[in-house]
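Colleague: I am new to this structure and would love a close look at a single part. Could you walk me through the place where the two domains meet?

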Amino acid sequence: MGGALDGIRFEELSEMLARDGVSRSHALPLFRWLQRGVEKDMLGPLKRWIDSWDGELRTQVEQVAETPSGDGWTNKFLLRLSDGAEVESVLMGFPGRFSACLSTQVGCAMGCVFCATGQMGFSRHLTAGEIVAQARHVAVEVERRHGEKIRNLVMMGMGEPLHNFDETMRALDILTDTRGMGFGSTKVTVSTVGHVPGILKLARHPQKYSLAVSLHGATDEERGKLIPVNKRWPLAELMAACREYTEIKGLEVFIAWTLIGGVNDDREHALRLADLLKGMTVHVNLIPLNPTEGYGGEAPEWEKVEAFQQVLLDAGLPVTVRQRRGIDVGAGCGQLSTAKKRRASEV
Ligand code: SAH
Ligand code: SF4
């Protein structure tokens with residue numbers, strides 16, 4: 001199994017204890033302690049078992065840097081993992097509505113041209129423990145700074161969560177377990193580039209997580225120029241998978257559309273998108289492009305964003321323009337990267 005004990009589901013922990021001849025009744029205080037850091041004094045009977053565990057009890061992530069945005073609420077944390085690899089996690093929101101945006105991989109293999117994470121290539125998957133530890137880190141920070149709890153968990157940081165399906169699901173099962181941190185499962189969103197086998201598996205997963213699909217193009221030709229893996233999972237298959245998700249889960253699918261000036265922001269693009277989504281239970285999120293080093297495109301003028309939104313509204317689709325948060329510190333959608341970065345302390 002590998003990793004620390006905080007990357008293990010409650011049932012598995014209970015199984016492990018039983019296998020080692022320890023009463024299952026100790027699983028609850030152990031799980032609570034691992035996830036919430038309380039009730040350590042109740043672990044006395046487990047001391048021998050804990051001492052014999054060969055490895056960390058909790059996954060350690062070390063905060064290397066933090067970059068608060070000028071908006072006063074968004075904060076980007078650069079976290080170093082045990083092998084020296086680094087990932088970024090973002091805290092965003094407003095009082096009463098904080099969200100943690102978590103990474104699932106170091107880099108990303110999907111290579112979307114406009115995305116800083118894609119531009120850095122793929123290094124490795126994160127373990128469930130590393131994903132759980134990010135959530136814990138952000139939760140502690142929001143509590144300390146704002147005296148609040150995180151309400152939403154969004155798997156929209158670095159990496160493609162459905163490419164790292166098992167560890168991502170394990171982490172989410174742990175994070176939504178009410179015996180531990182107890183995040184609401186209806187407050188979890190998994191964002192995907194359009195990994196069709198992953199969507200179909202997620203549709204059959206017992207938990208009802210929200211699904212966000214990054215579309216950005218409404219024909220295979222246009223989408224393929226931005227998202228190379230469209231060749232592997234073309235639009236027809238992707239839209240069929242989205243329909244299946246809605247059928248099985250009874251949930252709307254969130255469609256993300258990054259608006260790039262002169263690339264996918266015309267009235268014609270909006271009409272084609274409306275046509276593609278006809279009859280589907282979806283909510284469209286428009287995201288004006290955030291700048292990244294490796295891509296020359298720009299966000300459209302505001303009027304174009306509004307006009308694009310209006311075409312979709314006229315077609316009866318619910319549409320939101322996603323608030324741009326943390327752009328000033330490179331914490332916006334698609335800006336997360338730990339490649340070639342020099343921190344102030346190293347300059
Ligand atoms: N791999 C997943 C989740 C991480 S990316 C996915 O692709 O969905 C999170 C979101 O940021 C996606 O919707 C992605 O398309 C978007 N994004 C990537 N680069 C961006 C950029 N430069 N500007 C705006 N959005 C971007
Ligand atoms: Fe990976 Fe998502 Fe970035 Fe595409 S947009 S490269 S899938 S992180």
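Modeller: Happy to; here is a tour of the interface between the domains, with a short stop elsewhere at the end. Please keep in mind that this is a predicted model.

The chain splits into domain 1, residues 10-51, and domain 2, residues 62-339. Taken over C-alpha atoms, their centres lie 35 Å apart. Where they meet, nine residues of domain 1 are in contact with nine residues of domain 2. The size of an interface is often given as the accessible area lost when the parts come together. Here the area buried between domain 1 and domain 2 is about 760 Å², with 45% of it from carbon and sulfur atoms. On the side of domain 1, Phe31, Gln35 and Arg36 lose the most area to domain 2, and together they account for 60% of what that side buries.

Now for the polar links. Two salt bridges are counted between domain 1 and domain 2. Arginine 170 and glutamate 12 also deserve a look: their side chains meet in a salt bridge, at 2.6 Å from N to O. Across the interface, five residue pairs are in polar contact. The elements giving two or more residues to the side of domain 1 that touches domain 2 are α1 (10-19) and α2 (27-36). Of these, α2 gives the most, with six residues. By class, that side of domain 1 has four nonpolar, one polar and four charged residues.

One last stop: asparagine 290 sits in the loop between β11 (282-288) and α11 (302-314). Asparagine 290 counts as buried because its relative accessibility is 6%, under the 20% cut-off. Its C-alpha atom is 8.8 Å from that of cysteine 115, although 175 residues separate the two along the chain.

Conventions: Residues are numbered from 1 along each chain as its sequence is written. Chains are lettered from A and ligands numbered from 1 in the order in which they are written. This is a predicted model: local features need pLDDT of at least 70, side-chain atom pairs count only at pLDDT 80 or more; totals for chains, interfaces and linings use all residues. Side-chain values use heavy atoms; hydrogens and water are left out. Helices (H or I, at least four residues) and strands (E, at least two) are DSSP runs, numbered from the N terminus. Buried means under 20% relative accessible area, exposed over 50%, partly exposed in between (1.4 Å probe, protein chains only). Domain bounds come from an automatic or database domain assignment. Contact means heavy atoms within 4.5 Å. Buried area is the accessible area (1.4 Å probe) that two parts lose on being put together, summed over both. A salt bridge is a side-chain nitrogen of Lys or Arg within 4 Å of a carboxyl oxygen of Asp or Glu. A polar contact is a pair of N or O atoms within 3.5 Å; within protein, one must be able to donate a hydrogen and the other to accept it, and residues adjacent in sequence count only if both atoms are side-chain atoms. Ala, Val, Leu, Ile, Met, Phe, Trp, Tyr, Cys and Pro count as nonpolar, Asp, Glu, Lys and Arg as charged, and the others, Gly among them, as polar.
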